[in-house]
Structure formats: structure tokens, C-alpha cells
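Got your viewer open? Let's take a walk through this model, one selection at a time.

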Amino acid sequence: MSLCHSYMPNYFSIDDILSSQERVSCKIEVKLPGLGYLDVSSESPDLQSGTKLDLPHWLAYPMNSRTHPFVSIEVPKIYKEAYREILTADACAVALNKWSCYFYEFGIHLAQYEHSDCNLIQDLLLQAFKSRFRLVMDWAHNTGTDPTVGLQLPILERKLFLTGRKSRCLLISWLKEGGGSIETSEMVANHKKRKRAELEDENT
Amino acid sequence: MFGEKALELIKELERSAEGIPPFNDDGIRQVLEEMRILCQANFDDIENPTTDPPNYSSVRVRHMAISRNKRCILAYLYNRLQKIRQMRWEFGSILPPEIKSLLSEPEVQWFTSYSKALATYMRSIGDNYGLNLATDVTPPKSLYIEVRCLVDYGKLDLEDGEVIFLKKNSQYLLPRAECEGLVRQGVLQHVTS
């Protein structure tokens, strides 16, 4: 069992930690003494083989390693045939964040497993991203877009959307004023807003 | 399930993406306690194996949980430090008391020593005159700019010895270099018409 798999984009990445928390349903293959408490429904002190459990990816992946697998895994349904067909039909019409907020990141994690369903995941992600990217770009560049639309996107697309939007705003202000004006720091501005809100709360 | 408490810490960070959450002393302690219990269980399993031949599968599972907890704690501390470093550039070398109360004691110390290191560095460059890296974040267009005062700030000593009194809602034409910091701190507003 190898514990060292590389971390993307780095060891401290919050998004990577949260995306590796997504759950994979597993079947225990080897009896694990003393870990019975992982399965809430059983009262035995040991985790018996054959138990089905939803384990987070960070635990499931090393347990499913090639040489000594403790568990066998099942690919979540959103990456399986039926859902794949929905995405192939029209990826833009899907509210991907309802499937999973970390659709892409978790998909990349899943593609590392040795499982027959996992080979197709990479292609699926690429196709889905390619067809949705134009839509996200359009939203980011169009001033008429409702800014809350970003909240309906999975994390990867949401970040792209917000970055695109920000750079668009910067471009507009540069074209209008030629730049050079000094702005209040972003953190200071946010801090003031919060302070004002607290003051108003106290007054009411 | 393992690592729940540690995940809570990470989620706290994620929720307050634009600010910094109060340092969760209690959360950290609980995670460390969980790691200690897991570690102890591993030692017990290795020293007194219950089965023959010994079955070390559980030891591995616990070890993964320990590694995960470690990663979460380190990520929590590291990402906070990144934010605190950014604050040095945005708020300046003195933090507002409301923000300071969100930091832990070692973090405040880190901020002070970072500030000190930065100041030493800025003094050492620029041909013996020192160079303030926090000024001119955007390229200046003119030496003087028009600013409006947003709060009753009080006295401001200018470099040429003149002292002016910054009052709320009044406008001044000031040397850019001397008021940039105040604009960044939200005391003044740069008026462009």
C-alpha cells in the first residue's frame, strides 16, 4: 500500500481536502479488528468483511490499493452510464453543482482507481468541461449576467467565472479611467462592511 | 468517522474566504486528541497482537486517519498564515483590534516578526535611502492627488513639516506618496473626476 500519492495542486489546498472528502461506497473485503465503530449499524467490535460503507475518498483510495485491497469500491452513480448519457446529450443544461460541487476534482480522484468504470471518467470530464466552458465564458464576459449565477456552478467553473468577471471589471475601469487611482484594500473594505453591519445590528 | 473535527476546521476557513475566522483553539485540541487516541490504539495493536499471525490492517487504516488529520491541521494553520501575510500588505503594520482578537498568540508574534523582517528588508534596499515597497502599488500618474476624508482622522504630519488636520467630508490636494497608505486603509478616498 502506498500512502504517497501526489497532492493537487498542493498539500495545503483547501479545495483538494474538501474534494477528497466526497464519499465512495465501499465493500469491506478483509476483517478489520477493532474498527467496528466505523459502521454505526453494527455492534460488533470488529469491522466484518462484507460490510458496506460509504468512506471518504482519502480513506477509500489507499484501502483499495493494488497489492492488498481491503475494500472493493463502486463508482458513484453520477459518473456512470446513465448520467454519462445525460452529459453527452447536453452538458450545458445540467445543474452540475447539484450532482456534486466538486464534480471535476472528485472525478479526477476517481479516475485513479483500478476499476473498469474509471477509465472512461477522464474523457467524460474533458467532454463535459469543453462543452460547458463556452457557456461559463459567456456569462463571465456578459455584463447583463446575474452575478449569483456563479453559485450554481461547481467549484472549478465557479472560480473561472469569478476570475473572468473580475478581469472584465478591471478592463472596463481601465478603459474608462486609464487606471492609476488608488483603491482601498480589498480586505480593509470587507472588514469595514462587516463592522458597519454589526453596528446596525446593535442599533436595531 | 475519522477526521470530522479536522474537516470542520477546514470548512470554517472556506466559509470566510474573504476574512479570517477566529482561531479555533478548541477544534485544534480536539483533533490532536483524536490523533493521540488513534496513535495509542496503534501502539497497543502492535505491542499485543490479538491474532496470530498479527493482522495489521486496522493499524494501516488508523495511520491513514492520523495522516489525514495532520494534513487538515497543517492546511488550517498554513492558509491562515497566508492570510495574515496578506493583511500586512493591506492593513499596514498595525492591525485593527477587532482583527487582532481573531488571531492566536503565536500568530500575532508571527505577524510582528514578519513586519519586522519586511521593514529591515525595505531599509536595506534602495541605495541607503530605503524603499517602501507598499507605496505605488499602481503606477502613479501625478505627484499630487485629490482626496476626500471619510473619517475624523486628526493630525497628519507632512514630510515638509506642515501639519494638517484631516476632518470628515473635507477635500485636500496632497502629495500622492504621503496619502497612499491612508487611502489603502480606507481613511481617505481618491477623488477622480
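One definition before we click: buried area is the accessible area, taken with a 1.4 Å probe, that two parts lose on being put together, summed over both. Also bear in mind that what you're looking at is a predicted model.

**Stop 1: the two chains.** Color chain A and chain B separately. About 4,200 Å² is buried between chain A and chain B, with carbon and sulfur atoms giving 64% of that. For the biggest losers of area on the chain A side, select A:Phe12, A:Ile182 and A:Met187: together these account for 19% of what that side buries.

**Stop 2: the contact residues.** Now select the residues in contact; you should pick up 49 from chain A and 49 from chain B.

**Stop 3: polar links.** Two salt bridges run between chain A and chain B. Zoom in on one of them, A:Asp16 with B:Arg71, where the closest N and O atoms sit 2.7 Å apart. Counting pairs with both residues at pLDDT 80 or more, 13 residue pairs are in polar contact between the chains.

**Stop 4: chain A's side, by element.** Show the cartoon for helix 1 (14–19), strand 2 (52–56), helix 2 (57–63) and helix 8 (186–203) of chain A, each of which gives two or more residues to the side touching chain B. Which helix gives the most to that side? Helix 8 of chain A, with eight residues. Color that side by class and you get 25 nonpolar, 14 polar and 10 charged residues.

**Stop 5: an annotated stretch of chain B.** Select residues 141–192 of chain B, which an unreviewed UniProt entry annotates as "domain: DNA replication complex GINS protein PSF1 C-terminal". This span is 17% helix and 42% strand, and its end C-alpha atoms lie 12 Å apart.

Conventions. Residues are numbered from 1 along each chain as its sequence is written. Chains are lettered from A and ligands numbered from 1 in the order in which they are written. This is a predicted model: local features need pLDDT of at least 70, side-chain atom pairs count only at pLDDT 80 or more; totals for chains, interfaces and linings use all residues. Side-chain values use heavy atoms; hydrogens and water are left out. UniProt positions are given in the numbering used here, feature names are shortened, and annotations may be inferred rather than shown by experiment. Helices (H or I, at least four residues) and strands (E, at least two) are DSSP runs, numbered from the N terminus. Contact means heavy atoms within 4.5 Å. A salt bridge is a side-chain nitrogen of Lys or Arg within 4 Å of a carboxyl oxygen of Asp or Glu. A polar contact is a pair of N or O atoms within 3.5 Å; within protein, one must be able to donate a hydrogen and the other to accept it, and residues adjacent in sequence count only if both atoms are side-chain atoms. Ala, Val, Leu, Ile, Met, Phe, Trp, Tyr, Cys and Pro count as nonpolar, Asp, Glu, Lys and Arg as charged, and the others, Gly among them, as polar.
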